[in-house]
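Work through the exercises below with the sequence and the coordinates at hand. Each task is followed by a solution in steps.

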Amino acid sequence: MEAVARRKAAAYVCLSCTRQFQRQIRRQYHNAAPRPDIYDVVCVGGGPAGLSLLTALRANPVTSHLRVALVEAQDLSKVKSWKLPPNKYSNRCSSLTPTSAFYLDQIGAWEHLDQTRVQPYHEMQVWDGVTDARIEFDWAPGSALVEGTTIAYMNENLNLTSGLLKRLEQLGGVSVFEGAKVENITFGEETEDLDLRQWPVVHISGGKQLTARLLVGADGANSPVRAFAGIDAKGWDYNRHGVVATLEMEGEGWGGEHTKIAYQRFLPTGPVAMLPMPGKYSTLVWSTTPENASILKSLSPKDFVAMVNAAFRLSPVDLAFMHTQGADQDDEYSWRLQHTSFNPRAIPQTVVGVQEGTVASFPLKMRHADTYIAERVALVGDAAHTIHPLAGQGLNQGQGDVQSLAKTIEHAVTHGQDIGSIMSLESYVSERYTANHVLLGVVDKLHKLYSAESGPLVPLRSLGLNAVNALGPLKSFFMKQAAGSGTKLF
């Protein structure tokens with residue numbers, strides 16, 4: 001009996017001792033484990049949106065003290081040192097509105113772009129390939145040299161990312177993990193010192209783990225960050241591919257060096273656009289069916305050039321027939337051109353060559369995330385929305401996101417708020433979601449409207465184009481919206 005009593009007393013006494021011992025063991029374990037590598041902002045994705053955001057945060061005195069990191073799967077040293085000869089241009093180009101260019105200038109990145117490779121354009125010619133109804137986005141005669149008449153700047157995506165990387169290097173203070181694939185994103189753990197159970201942890205190749213107060217997904221349409229946050233994206237594929245190429249023209253354009261013109265013709269299979277680059281070069285974006293895209297990519301340079309010239313000159317019926325040929329489009333185009341009447345100064349100058357290795361294609365889709373934020377997560381650029389390229393606004397939407405999110409973070413820091421909380425991020429999604437949603441809807445409806453070859457929609461859309469073209473103030477309004485300098489509608 002006495003032995004039993006001693007055992008019971010020992011068990012009773014050791015209950016609190018056991019707890020204390022367990023705490024000591026845990027403390028020893030956690031002290032032995034490496035402390036989490038915590039950042040205020042971790043941005044996944046080193047494209048224009050992600051790089052612009054980090055540049056904006058580092059360039060702003062209010063947010064420059066934040067500990068920030070970039071995770072990018074590419075080798076960024078190659079991007080930073082990117083350079084092409086003056087007569088060669090990348091086939092992935094984007095249109096930057098003056099508003100986007102001004103913001104890039106504000107954060108100190110614009111001056112780091114190679115300005116000899118940036119081409120402003122001042123007019124746009126847009127017409128219906130079925131009815132030839134046209135709208136001419138041009139300014140008053142002689143005003144193209146006046147400041148403020150630039151509609152947009154054509155620029156290679158690599159020129160932009162290279163410039164942003166140079167600016168980031170100049171600013172310093174960014175932990176860059178390049179060539180690092182995101183293997184997983186989880187939540188953190190609770191320790192005696194920190195409770196990180198609601199904080200995202202980015203696991204990258206090599207075993208490195210980055211804990212984020214705010215995790216930013218700038219990681220494209222198939223965003224792992226969006227998937228981690230459980231945010232759905234809705235939309236559809238267009239069953240269309242965008243064919244891109246760098247073209248050599250017969251001259252510098254009908255407006256010469258100082259008045260560059262962009263052209264877009266709406267065909268039943270999708271719009272074809274010719275956008276000016278410096279000198280006598282242009283970039284092509286041709287939205288068409290996957291079958292047609294495959295044919296175009298298989299053609300010889302001579303036949304490809306013939307198809308591009310035909311796309312701006314021949315009827316949709318003639319063009320459709322030329323897509324059925326396996327070769328000899330050049331001869332077919334020359335013959336059909338003799339029997340086609342057109343105003344040569346209302347369309348691009350003749351294409352005389354295509355740069356080797358630049359003909360490529362990519363699928364077109366529309367996607368919109370249900371929201372841009374979750375607790376300690378924000379999405380920007382293609383991770384939040386993907387748009388048809390017919391309006392050339394994809395990159396500008398991303399820059400608008402960045403400008404808004406950087407401002408939101410600045411406000412949170414200024415007012416002592418947690419930059420990763422839903423409450424702090426709410427103003428970002430409030431400002432950007434509706435504006436992006438409206439633009440996505442408008443572009444989607446335009447694509448569907450101009451895909452009709454016949455029926456009542458055809459005369460109605462032509463009437464609309466002609467009406468806008470005839471009404472100067474309305475046309476000026478649309479031009480300012482395209483340039484990003486008009487009144488904000490939302």
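**Exercise 1. Describe the surface and the overall make-up of the chain.**

Step 1. The protein chain exposes about 23,000 Å², of which carbon and sulfur atoms supply 55%; accessible areas come from the Shrake-Rupley method with a 1.4 Å probe, and for residues only the protein chains shown count as cover.

Step 2. The model is predicted, so local features need pLDDT of at least 70 and side-chain atom pairs count only at pLDDT 80 or more, while totals for chains, interfaces and linings use all residues. Residues are numbered from 1 along each chain as its sequence is written, and side-chain values use heavy atoms, with hydrogens and water left out.

Step 3. Of the 490 residues in the protein chain, 49% are buried. Buried means under 20% relative accessible area, exposed means over 50%, and partly exposed lies in between (1.4 Å probe, protein chains only).

Step 4. The chain has 14 helices and 20 strands. These are DSSP runs numbered from the N terminus: helices are H or I with at least four residues, strands are E with at least two.

Step 5. Among contacts with a separation of 6 or more, 76% are between residues 24 or more positions apart; a contact means heavy atoms within 4.5 Å.

**Exercise 2. How many salt bridges does the structure hold, and where do K80 and E169 lie?**

Step 1. The count is 17 salt bridges, each being a side-chain nitrogen of Lys or Arg within 4 Å of a carboxyl oxygen of Asp or Glu.

Step 2. One of them joins the side chains of K80 and E169, at 2.8 Å from N to O. K80 sits in helix α3 (residues 76-80) and E169 in helix α5 (residues 157-171), so the pair links distant parts of the chain, 89 residues apart.

Step 3. K80 is partly exposed at a relative accessible area of 27%, whereas E169 is exposed at 53%.

Step 4. A network of salt bridges links D37, R67 and K208.

**Exercise 3. Set out the salt bridges of R336 and R376, with the burial of each partner.**

Step 1. R336 pairs with E332, and their closest N and O atoms are 2.6 Å apart. Both belong to helix α10 (residues 329-337); because they are four residues apart, about one helical turn separates them. An α-helix has 3.6 residues a turn, so residues three or four places apart point the same way.

Step 2. R336 is buried at 15% relative accessible area, and E332 is buried at 17%.

Step 3. R376 pairs with D418, with 2.5 Å between the closest N and O atoms. This pair also links distant parts of the chain, 42 residues apart: R376 is in the loop between β18 (373-374) and β19 (377-379), and D418 is in the loop between α11 (394-414) and α12 (422-449).

Step 4. R376 is buried, with 8% relative accessible area, while D418 is partly exposed at 26%.

**Exercise 4. Which residues does Q325 touch, leaving out those up to four places away in sequence?**

Step 1. Q325 lies in the loop between α9 (316-322) and α10, and is buried at 17% relative accessibility.

Step 2. With that exclusion, Q325 touches I295 and E332.

**Exercise 5. Examine α11 and the positive phi angles.**

Step 1. The 21 residues of α11 span 31 Å from first C-alpha to last, close to the 30 Å expected at 1.5 Å a residue. The expected span is 1.5 Å times one less than the number of residues.

Step 2. Just after α11, G416 has a positive phi of about 70°.

Step 3. Most residues other than glycine have a negative phi. D132, which is not a glycine, has a positive phi of about 70° and lies in the loop between β5 (123-128) and β6 (134-137).

Step 4. N239, also a residue other than glycine, has a positive phi near 55°; N239 is in strand β12 (residues 233-249).

**Exercise 6. Which strands pair with β12, and in what sense?**

Step 1. Two strands pair if DSSP finds at least two bridges between them.

Step 2. β12 runs antiparallel to β17 (residues 360-369), joined by nine bridges. H241 stands opposite P363 in β17.

Step 3. β12 is also antiparallel to β15 (residues 281-288), with eight bridges. The bridge partner of E248 in β15 is Y281.

Step 4. Three bridges pair β12 with β16 (residues 351-354), again antiparallel. Opposite E248 in β16 is G353.
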